[in-house]
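Q: I have a structure open and want to go through it piece by piece. Can we start with one of the helices and work outwards?

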Amino acid sequence: MSEPSISLFISDLHLTPERPLPVRLFDRFIKEIAPGAQALYILGDFFEAWVGDDTLDQPFNRAICDTLKSLASTGVEVFFMPGNRDFLAGTKFARAAKLTLLADPVEVTLHGTPTLLAHGDQFCTDDTDYQAFRRLVRDPEWQRQFLAQPLPQRLALANSLRERSEHAKADKKPEIMDVNPASIEAILARHAVRRIIHGHTHRPARHELQVDGRSCERWVLPDWYETGGYLTCDASGCRLSTFP
Ligand code: LP5
Ligand code: MN
């Protein structure tokens, strides 16, 4: 009998040469866990910071793309939804890594169940400073001007934004950095699905909720700072796993 068909979901690896553990965990995941899946969905913040597809020739980015490509070559379909760290990943990156870019949010049918996939940051509507920042950097004209700057300037700006973000987060109440329940209900109502999968908040869990009288579930993916973690979905449902 053939193996049951499964889909895997990961996010928030924040891969960078400066943090070797998640890179090692990712290599293991690609070699030992992902083969045999029908599809791998990467739901954002795969990279610590992506400042443009012209960084593809940097050895670190090249190696990561080769790893992704090696999985695609074994027949696993790879999908990539950019997050708030890598929203500038574009078509050249997709081609180099042999994957398909996804819009955020996107509705897919997973082994028979209509499911909404998202990075998750758009639901953190109580974090009004972040939402203002998001509107700015998601503006196509702003992105055009940013990408027109020389690479060293873009890297410096990304570094300084990372620092400002860490300072800003230290002053924010933890609850405002979680999703807003009304935003989740609104998106589930609009898409008429019973399941949503997202990352970003680093609060892995399964939540149950009622939307318009329908029982719904919300799966939150883990970050990869200390252990690797992923969600598996098949025809019988979904489950979270971690590995050391
Ligand atoms: O990323 P994470 O999880 O730590 O925190 C996020 C929010 N922060 C961000 C900023 C990113 O970390 C910065 C990384 C950018 C890399 C991309 C490079 C390509 C684009 C380069 C752009 C120059 O997303 C954080 C949330 C948190 O999630 C939880 O949801 O709270 O939001 C912030 O900290 C934002 C601050 O509240 C406001 C930002 C002030 C900076 C204003 C600068 C405006 C000028 C920008 C123009 C250069
Ligand atoms: Mn994020």
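**Helix 7 and beyond**

A: On one side of helix 7, the exposed residues are Pro181, Ala182 and Arg190; this is the side away from the buried ones. Keep in mind that this is a predicted model.

Q: Which residues of helix 7 are buried, then?

A: In helix 7, which covers residues 181–191, Ser183, Ile184, Ile187 and Leu188 are buried. Looking down the axis of helix 7, the buried residues fall within an arc of 130 degrees, so they line one face of the helix.

Q: Why would residues spaced like that share a face?

A: An α-helix has 3.6 residues a turn, so residues three or four places apart point the same way.

Q: What do the buried residues of helix 7 pack against?

A: They pack against four strands: strand 6 (113–118), strand 7, strand 8 and strand 9 (214–220).

Q: And what caps the N-terminal end of helix 7?

A: Asn180 does, with a side-chain oxygen 2.8 Å from the backbone nitrogen of Ala182. Just after helix 7, Ala192 has a positive phi of about 50 degrees.

Q: Switching to the metal. What coordinates the manganese ion (ligand 2)?

A: The manganese ion (ligand 2) is coordinated by Asp45 through OD, Asn84 through OD1, His119 through NE2 and His200 through ND1, at 2.0 to 2.2 Å. Along the chain, these donors follow the spacing D-x38-N-x34-H-x80-H. Asn84 sits in the loop between strand 3 and helix 3, and His200 in the loop between strand 7 and strand 8, so the pair ties together parts that are 116 residues apart in sequence.

Q: Is His200 buried or exposed?

A: His200 is buried, at a relative accessible area of 18%; the cut-off for buried is under 20%. His200 also has a positive phi of about 80 degrees, although it is not a glycine.

Q: What about His202?

A: His202 lies in the loop between strand 7 and strand 8. Its phi is positive too, near 60 degrees, and His202 is not a glycine either. With a relative accessible area of 26%, His202 is partly exposed.

Q: While we are on backbone oddities, where is the cis peptide bond?

A: It joins Asp104 and Pro105, with omega about 0 degrees. Pro105 is in the loop between strand 4 (100–101) and strand 5 (106–110).

Q: Now the interior. Which residues touch the most other members of the largest nonpolar core?

A: Ile10, Phe26, Phe29, Leu40, Phe46, Leu68 and Phe93, out of 41 residues in that core. At least two core residues come from each of strand 1 (7–10), helix 1 (20–33), strand 2 (39–42), helix 2 (59–73), strand 3 (77–80) and helix 3 (91–97). Helix 2 gives the most, with 6 residues. There is also a second, separate core of 17 residues, which includes Ala39, Leu43, Met81 and Leu117.

Q: What is Phe26 in contact with?

A: Leaving aside neighbours within four places in sequence, Phe26 is in contact with Ile10, Leu13, Leu15, Phe46, Thr67, Leu68 and Trp224.

Q: Last topic, the open sheet. What is the strand order?

A: The open sheet has 6 strands in the order 4-3-2-1-10-11, with mixed pairing. Strand 4 and strand 11 (237–243) stand at the edges with a single partner strand each, so one side of each is left without a neighbour in the sheet.

Q: How do strand 10 and strand 11 pair?

A: Strand 10, residues 228–234, and strand 11 pair in the antiparallel sense over 7 bridges. Gly229 has Thr242 in strand 11 as its bridge partner.

Technical notes
Residues are numbered from 1 along each chain as its sequence is written. Chains are lettered from A and ligands numbered from 1 in the order in which they are written. This is a predicted model: local features need pLDDT of at least 70, side-chain atom pairs count only at pLDDT 80 or more; totals for chains, interfaces and linings use all residues. Side-chain values use heavy atoms; hydrogens and water are left out. A nonpolar core is a set of buried Ala, Val, Leu, Ile, Met, Phe, Trp, Tyr and Cys residues joined through side-chain atoms within 4.5 Å. Buried means under 20% relative accessible area, exposed over 50%, partly exposed in between (1.4 Å probe, protein chains only). Contact means heavy atoms within 4.5 Å. Donors are N, O and S atoms within 2.8 Å of the metal (3.2 Å for Na, K and Ca); water is not among the atoms, so sites may look incomplete. The arc is that of the directions from the helix axis to the C-beta atoms. A polar contact is a pair of N or O atoms within 3.5 Å; within protein, one must be able to donate a hydrogen and the other to accept it, and residues adjacent in sequence count only if both atoms are side-chain atoms. Two strands pair if DSSP finds at least two bridges between them.
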